[in-house]
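Here are a few exercises to work through with the model open beside you. Try each task before you read its solution.

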Amino acid sequence: AMRHLPYFCRGEVVKGFGRGSKELGIPTANFSEQVVESFPSDIPTGIYYGWACVGNGDVHKMVLSIGWNPFYKNTKKSVETHIIHTFKEDFYGEILSIAIIGYIRPEKNFDSLDALILAIQEDIEEAKRQLDLPEHLKLKEDNFFHLPGGKIVNN
Ligand code: ADP
Ligand code: MG
């Protein structure tokens, strides 16, 4: 099932379902329905790690959730990226480029908000460790993020 990885993708950041991720300190940048539709249909739901870049900005570590979209009564997937970086401002409407590199775990239900937050913090630590490995670090320098045309250059 992980034969799709690494998976490169880019698209506009849209408004999510207001599940309050930001209030938990873990905002997730949501892709539009069209971008999600373009994903391989058999890519498993769950939590992944990889690299992400907003517009022509720096490439940062990220954790990503591929889950079921409550807005469509869980018949369609949603793809949400939490970038492991503190941004000064929101970036709705900007182009997010991501390289999905590895799988962390399947989706889970949690008994409490604290348990959910703890699990996400562990996901983030796992992503940081994995992405420091040389084989994963090299994807940060991939042409996908760095070639003209591969990015929006505004000078
Ligand atoms: P929504 O339900 O609209 O997706 P969230 O609470 O998940 O709301 O917040 C997501 C938004 O927060 C993103 O679309 C982006 O504009 C902003 N944001 C700020 N910092 C980050 C970050 N580190 N990772 C992801 N999104 C971020
Ligand atoms: Mg979100």
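**Exercise 1. Find where Pro6 lies relative to β1, and describe the peptide bond that joins Leu5 and Pro6.**

Solution. Start with the place: in this predicted model, Pro6 belongs to the segment that comes before β1 (7-14). Next, look at the bond between Leu5 and Pro6: omega is about -5°, and the peptide is cis. For context, most peptide bonds are trans.

**Exercise 2. Identify the atoms that coordinate the magnesium ion (ligand 2), then decide whether each residue involved is buried or exposed, or partly so.**

Solution. First list the donors: Thr28 (O), Thr28 (OG1) and Asn30 (OD1) coordinate the ion at 2.2 to 2.3 Å. Then turn to accessibility, where buried means under 20% relative accessible area and exposed means over 50%. Thr28 has a relative accessible area of 26%, so this residue is partly exposed. Asn30 has 7%, and therefore counts as buried.

**Exercise 3. Trace the largest nonpolar core and say which elements supply at least two residues each.**

Solution. Begin with the core itself, which has 22 residues. Phe31, Phe39, Leu64, Leu96, Ile98 and Ile100 have the most contacts inside it. Now map the core onto the secondary structure: at least two residues each come from β1, β2 (29-31), α1 (33-37), β3 (46-54), β4 (59-68), β5 (77-83) and β6 (95-105). Zoom in on Leu96 as an example: leaving aside residues up to four places away in sequence, Leu96 touches Cys9, Arg10, Gly11, Val13, Ala29, Phe31, Ala52, Cys53, Val54, Thr81 and Ile83. Finally, do not miss the second, separate core of 15 residues, which includes Tyr49, Val63, Ile124 and Phe144.

**Exercise 4. Classify the ring pair formed by Phe144 and Phe145, and find the cluster that holds both rings.**

Solution. The count of aromatic pairs is five. For Phe144 and Phe145, the ring centres lie 5.2 Å apart and the planes meet at 70°. Planes over 60 degrees apart count as edge-to-face, so the Phe144 and Phe145 pair is edge-to-face. Ring pairs also bring in Phe8, giving a cluster of Phe8, Phe144 and Phe145. As a last step, check burial: Phe144 is buried at 15% relative accessible area, and Phe145 is buried at 1%.

**Exercise 5. Describe the span that UniProt annotates at residues 2-132.**

Solution. The unreviewed UniProt entry places the feature "domain: Riboflavin kinase" here. Residues 2-132 are 18% helix and 37% strand. To finish, compare the two ends: their C-alpha atoms lie 20 Å apart.

Technical notes: Residues are numbered from 1 along each chain as its sequence is written. Chains are lettered from A and ligands numbered from 1 in the order in which they are written. This is a predicted model: local features need pLDDT of at least 70, side-chain atom pairs count only at pLDDT 80 or more; totals for chains, interfaces and linings use all residues. Side-chain values use heavy atoms; hydrogens and water are left out. Helices (H or I, at least four residues) and strands (E, at least two) are DSSP runs, numbered from the N terminus. Donors are N, O and S atoms within 2.8 Å of the metal (3.2 Å for Na, K and Ca); water is not among the atoms, so sites may look incomplete. Buried means under 20% relative accessible area, exposed over 50%, partly exposed in between (1.4 Å probe, protein chains only). A nonpolar core is a set of buried Ala, Val, Leu, Ile, Met, Phe, Trp, Tyr and Cys residues joined through side-chain atoms within 4.5 Å. Contact means heavy atoms within 4.5 Å. UniProt positions are given in the numbering used here, feature names are shortened, and annotations may be inferred rather than shown by experiment. Rings of Phe, Tyr and Trp (its six-membered ring) pair if their centres lie within 6.5 Å; planes under 30 degrees apart count as stacked, over 60 as edge-to-face and the rest as tilted.
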